[in-house]
Structures are given as structure tokens and as C-alpha cells.
Amino acid sequence: MLRASIREISAALKEGQVSPTELCQKCLSLIKATRFLNAYITVAEETALKQAEASEKRYKKGQSLGPLDGVPVAVKDNFSTAGIETTCASLMLKGYVPPFNATVVQKLLDQGAILLGKTNLDEFAMGSGSTDGAFGPVRNPWSYSRQYKGKCLQNPKAQNEDGNWLITGGSSGGSAAAVSSFTSFAALGSDTGGSTRNPASLCGVVGLKPTYGLVSRHGLIPLVNSMDVPGILTRCVDDSATILGILGGHDLKDSTTVQDPFQPFQLPSLTELKNLCIGIPKEYNAPGLSRETLTLWSKTADLFEKAGANVVEVSLPHTSYSIVCYHVLCAAEVASNMARFDGLEYGHRSSVDKSTEALYAATRREGFNDVVRGRILSGNYFLLKQNYEKYFLKAQKVRRLIATDFAKVFSSGVDVLLTPTTLNHAVPYREFIKEDNRTRSTQDDIFTQAANMAGLPAVSVPSALSEEGLPIGLQFIGRAFHEAQLLTVAKWLENQVQFPAIQLERIMDHLDLVSHQEQSAFYS
């Protein structure tokens with residue numbers, strides 16, 4: 001039952017096969033059983049059970065609010081949640097309880113969704129591994145899968161010792177792990193340079209970054225205002241479309257949201273691909289791309305071609321500049337956004353009281369980690385009067401060129417672009433931390449951040465298991481506000497590849513908190 005899609009579990013709730021309270025309790029039990037993954041920072045058990053009870057009363061009256069009524073979800077801990085601690089995985093905001101809900105959170109609650117808790121991330125969403133948060137790193141559920149452990153047994157050098165578990169990707173690693181480990185049916189992430197799609201690829205789930213302006217950012221604690229987008233993580237493409245249908249549309253509290261009315265949509269099943277044009281950007285065959293990912297990318301392009309689609313090579317010539325451009329703009333906006341955390345209004349406040357300046361300095365030194373402080377320093381450097389034109393203004397011009405590259409490709413008749421999501425599958429934590437956060441982010445965001453620079457929708461779809469038994473995702477990038485077409489194509493690939501469900505071995509050892517009957521239902 002916990003493996004079900006949103007559509008399936010919604011039908012089960014309507015038919016009375018399971019009650020919202022029973023479903024919520026099962027998810028909460030599984031969260032406790034998988035505590036070792038560190039996917040959640042805060043579990044809102046009491047609140048969730050109250051919401052489930054209210055949902056149960058609605059079902060008994062025949063007054064269901066919609067497909068999400070009674071469905072447990074999780075939210076990344078950089079979205080404001082009224083009455084529930086919101087930390088951004090930082091000491092700076094540890095203990096901060098917002099007085100309001102982010103618009104996307106409120107929309108989920110208005111549809112009867114049950115909020116299980118807040119998921120782990122890199123501090124203030126700055127990272128690509130979910131390893132740099134104040135509350136510890138997130139472990140990839142695939143570290144404990146039968147698929148991966150079976151391959152490890154065949155290769156003694158790859159034995160998965162407890163200290164050599166796999167990273168989830170980031171920065172929305174907690175949300176990806178929550179969906180992958182069946183503790184929630186969907187989760188919200190944020191996506192500034194790939195922070196939803198990257199962990200989705202490494203954790204074997206679907207990760208959708210909508211068009212900039214389609215989904216409200218109100219209540220999302222900002223990283224880069226001009227690129228931040230609430231992301232959606234689910235176990236299938238149809239579920240992403242369902243969640244997007246609820247979240248999309250104009251918000252009076254966010255002036256960057258689109259004014260045009262947004263209509264939810266259901267995805268058709270593609271049977272005819274002859275009118276579809278798939279673009280393959282040649283620049284995405286980048287250094288460091290693994291052999292397996294390159295082979296999968298090529299085979300998938302062939303799959304579309306054999307099905308009747310027109311597959312063409314395209315060029316996005318400014319791709320090689322995008323990472324450097326992104327990091328200049330990101331650091332500059334981070335420096336501005338982080339200025340609000342001064343110890344005076346909310347969050348951590350240092351005990352140093354020699355002067356206001358000393359209070360500011362001590363508060364920020366104690367509240368931010370090295371990664372955040374480093375980006376603040378870089379951003380302020382780029383924004384100095386003597387550097388503004390040389391760095392920030394030039395980066396803005398390059399960003400325009402990158403957006404123009406995409407516009408030219410889509411105006412030539414290409415419907416969607418097919419690219420890798422990440423260079424490789426998930427790597428062990430010990431290997432990942434050999435390099436610093438900046439270096440890792442530069443490598444891991446190479447295929448994803450250009451879509452944020454151009455404001456385009458993109459989705460990562462789990463497409464195959466590697467030779468080591470780990471997920472490899474492929475990315476589709478679409479035209480602005482053409483999510484329906486983008487997700488329809490993604491659904492076609494999903495149906496073709498039939499990506500295998502994760503078989504979580506170690507959970508069996510932790511399910512003593514759940515009845516034997518629930519265990520058999522979970523693994524049936």
C-alpha cells in the first residue's frame with residue numbers, strides 16, 4: 001500500500017480500503033523505522049494525526065477535498081510552515097517557528113494533504129549532496145537496497161560498509177529520500193540549479209522543476225530569487241502532474257507568478273510520436289559523463305527515434321559558460337538574501353554584546369557554516385563597485401545568451417530536449433566529501449542549472465539501473481509553460497523503461513514497530 005501512486009492511494013481512501021489515520025500511522029511508523037536515513041529534520045506527528053482525523057471525518061461525510069485528501073506528504077525544511085519549526089538545516093534558524101504557511105504548503109493543506117514533517121537538506125539549500133546541513137547528512141535509501149547490496153556482494157571492493165553509504169544528491173536530498181523510502185507519497189523540494197532533479201535522479205524518483213513563475217515562491221526562504229522554483233518529487237510522472245495541478249497559478253503574494261489562469265491537466269498516453277521532435281544538445285556530452293549514462297542517453301534517443309519521433313542534434317553554444325555564470329549570480333543574490341539574518345529579528349542571536357557590529361559578526365559566524373559564509377563573501381566581492389560590471393553585469397549578459405540559445409532551439413521546431421540529469425549515479429559519502437562543496441556543486445549542476453537560468457521547465461525521470469544496481473535518471477527540458485507536453489513525453493519514457501521499484505532490505509530489520517500484517521502488505 002505504501003508503494004502505491006497518489007492516484008491509487010486516493011482511490012483506496014475513497015473506497016474505504018484504508019483510512020487516513022491508518023495510512024498516516026503507517027507512514028509515521030516507517031519514518032521511525034528509517035530514522036537512520038536522516039531524511040527528516042522535524043516529524044510533525046501530532047499535527048499529522050490531527051489532519052488525518054479531520055480527513056477521515058470528511059470521507060465519512062462523502063466530502064473529500066480532492067485527490068490529495070488524506071495523502072501523507074513531506075516538505076523541504078526551507079518552506080515556511082505555521083507552527084512547525086523551519087530551520088533551513090542551519091543553526092541560524094534552529095528553533096524558528098514561522099507564523100504562516102508558504103503558499104505551496106497552504107495549497108496542499110487546502111486539498112486535505114497530511115503534512116508528515118520537514119525534510120533535511122544542505123544548509124540554506126547550498127549544496128548538491130545533502131551533506132552540509134547542521135543536522136547531519138542524508139543517506140540514500142538505495143544504499144540499503146537489495147539491488148545495490150547484491151552487486152556489492154559480487155564485488156568485494158565495493159562492499160557497503162556502514163560508513164560508506166551513498167549520498168542522495170541535493171540540496172533536496174531529504175525529500176527525495178522520503179519519497180524513495182515510501183515514508184511519503186510526494187514531497188516538496190526547491191530547485192535553484194538542479195536541487196530537485198539531482199537528488200531525484202540519484203534516488204530513483206521523478207523530480208519536476210516547473211517554469212519560473214508558474215508556482216508561487218511565497219514562503220520559500222530564498223536562495224536566489226531570480227532562479228528559485230518550488231520543486232515536486234514523486235514516484236511517477238502522473239503524480240507530479242497531479243501535484244502541479246494543485247500548486248500552479250497566480251499568487252497575489254508573489255508578483256513573479258504568471259497572471260494567466262492555470263488549468264490542471266491529466267496526462268494522455270502517447271501512442272503516436274511522429275509529430276514529436278526531440279533535441280539532443282551536443283554540448284551536454286561533457287567531460288566526466290560516465291560511460292553508463294552516455295550509453296543510456298544514446299539508447300533512449302534511439303528508442304524515441306524507433307517509435308517515430310524526429311530526433312535531432314542541437315547546439316546550445318553558451319553551455320560551457322553557464323556554471324561560472326550561475327555561481328557569480330548565485331553568490332551575489334545569496335549575499336543579499338543572507339543579510340536579513342543578523343540576530344535582531346529572528347533566528348539565532350549571539351551572546352556577544354560589546355557592540356551592534358560585534359553582535360552581527362558573532363551571530364553570523366555562529367549561525368552559518370563555512371559554505372554559506374564563503375558564498376556571502378564571494379557575493380559581496382562580486383557586488384563591489386569596482387567589480388560590479390566585471391562580474392555581476394557580465395554574468396547577467398551571459399545569462400541572456402544562455403536563455404537565447406534555448407529560445408533559438410525551441411523556435412526551430414524542437415519540442416523537448418533530452419539530456420542526462422547527472423554525470424553519474426550516486427557515489428559513497430566518503431568519496432563525495434573528498435572534494436569541497438563548491439567543486440562538487442560545479443560538477444553536479446552542469447546539466448541542470450541552465451534550465452534555471454532560462455526559467456524553463458525540466459523533469460528528471462528514473463530510466464535504468466547501473467551495473468552497480470543504482471538509479472540513473474535522464475532529464476527532459478521543455479518550453480516555458482508547456483509542462484503538459486513535457487510531462488506527457490516523460491510519461492511515455494517512464495512506461496517504456498518500467499524502472500524497477502527499490503527493494504529496501506534494511507527496513508525489514510526496523511519494522512518491529514509495524515505489525516506483521518503491515519509488513520506483508522508493504523512488501524506485497
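# Rings, core and pockets in a predicted model

Trainee: Are Tyr284 and Phe447 buried or exposed?
Mentor: This is a predicted model, and the terms refer to its computed surface. A residue is called buried when its relative accessible area is under 20%. Tyr284 and Phe447 both count as buried.

Trainee: How many aromatic pairs are there?
Mentor: Two rings pair if their centres lie within 6.5 Å. By this rule the count of aromatic pairs is 16.

Trainee: What kind of aromatic pair do Tyr284 and Phe447 form?
Mentor: Tyr284 is in the loop between β7 and α9, and Phe447 is in the loop between α15 and α16, 163 residues apart. Their ring centres are 5.7 Å apart, with 25° between the planes. Planes under 30 degrees apart count as stacked, so the pair of Tyr284 and Phe447 is stacked.

Trainee: What kind of pair do Phe304 and Trp492 form?
Mentor: The centres of Phe304 and Trp492 are 4.7 Å apart, with 35° between the planes. The pair links helix α9, which holds Phe304, to helix α17, which holds Trp492, 188 residues apart. An angle that is neither under 30 nor over 60 degrees counts as tilted, so the pair of Phe304 and Trp492 is tilted.

Trainee: Why does Phe304 count as buried?
Mentor: The cut-off for buried is under 20% relative accessible area. Phe304 counts as buried because its relative accessibility is 0%.

Trainee: Which helix gives the most to the largest nonpolar core?
Mentor: In soluble globular proteins, nonpolar side chains tend to be buried together. The largest nonpolar core here has 155 residues, and Phe124, Ile278, Phe304, Phe406 and Phe476 touch the most other members. Eight residues of this core come from the helix that gives the most, α10.

Trainee: Which valines does Ile278 touch, leaving out residues up to four places away in sequence?
Mentor: With those neighbours left out, the contacts of Ile278 include Phe304, Ala309, Asn310 and Leu418. The valines on the list are Val311, Val312, Val414, Val416 and Val489.

Trainee: What is the volume of the largest pocket, and which element gives the most to its lining?
Mentor: The largest pocket holds about 630 Å³ of space. It has 25 lining residues, and the closest to its centre are Arg3, Arg235, Cys236, Glu494 and Phe499. By class, the lining has 12 nonpolar, five polar and eight charged residues. The volume is thus given as about 630 Å³, and the element that gives the most, with three residues, is α17.

Trainee: How many charged residues line the second largest cavity?
Mentor: This cavity has a volume of about 80 Å³. Its lining includes Arg375, Asp445, Tyr326 and His327. Asp, Glu, Lys and Arg count as charged. Besides four nonpolar and six polar residues, the lining has a charged count of two.

Trainee: Which residue does a cis peptide bond join to Gly170?
Mentor: Most residues other than glycine have a negative phi, and most peptide bonds are trans. The bond in question has an omega of about 10°. The partner of Gly170 is in the loop between α5 and α6, and it is Ser171.

Trainee: Is Gln498 buried or exposed?
Mentor: Gln498 lies in the loop between α17 and α18, and its phi is near 50°, a positive value in a residue other than glycine. Its relative accessibility is 56%. The cut-off is over 50%, so Gln498 counts as exposed.

How values were computed
Residues numbered from 1 in each chain as written. Predicted model: local features only at pLDDT ≥ 70, side-chain atom pairs only at ≥ 80, totals over all residues. Heavy atoms only, no water. 1 Å grid on protein atoms, 1.4 Å probe; cavity = no way out; pocket = protein on both sides within 12 Å on 5 of 7 lines; lining within 4 Å. Helix = DSSP H or I, 4+ residues; strand = E, 2+ residues; numbered from the N terminus. Core = buried A, V, L, I, M, F, W, Y, C linked by side-chain atoms within 4.5 Å. Buried < 20%, exposed > 50% of the residue type's maximum accessible area, 1.4 Å probe, protein only. Contact = heavy atoms within 4.5 Å. Phe/Tyr/Trp six-rings, centres within 6.5 Å; stacked < 30°, edge-to-face > 60°.
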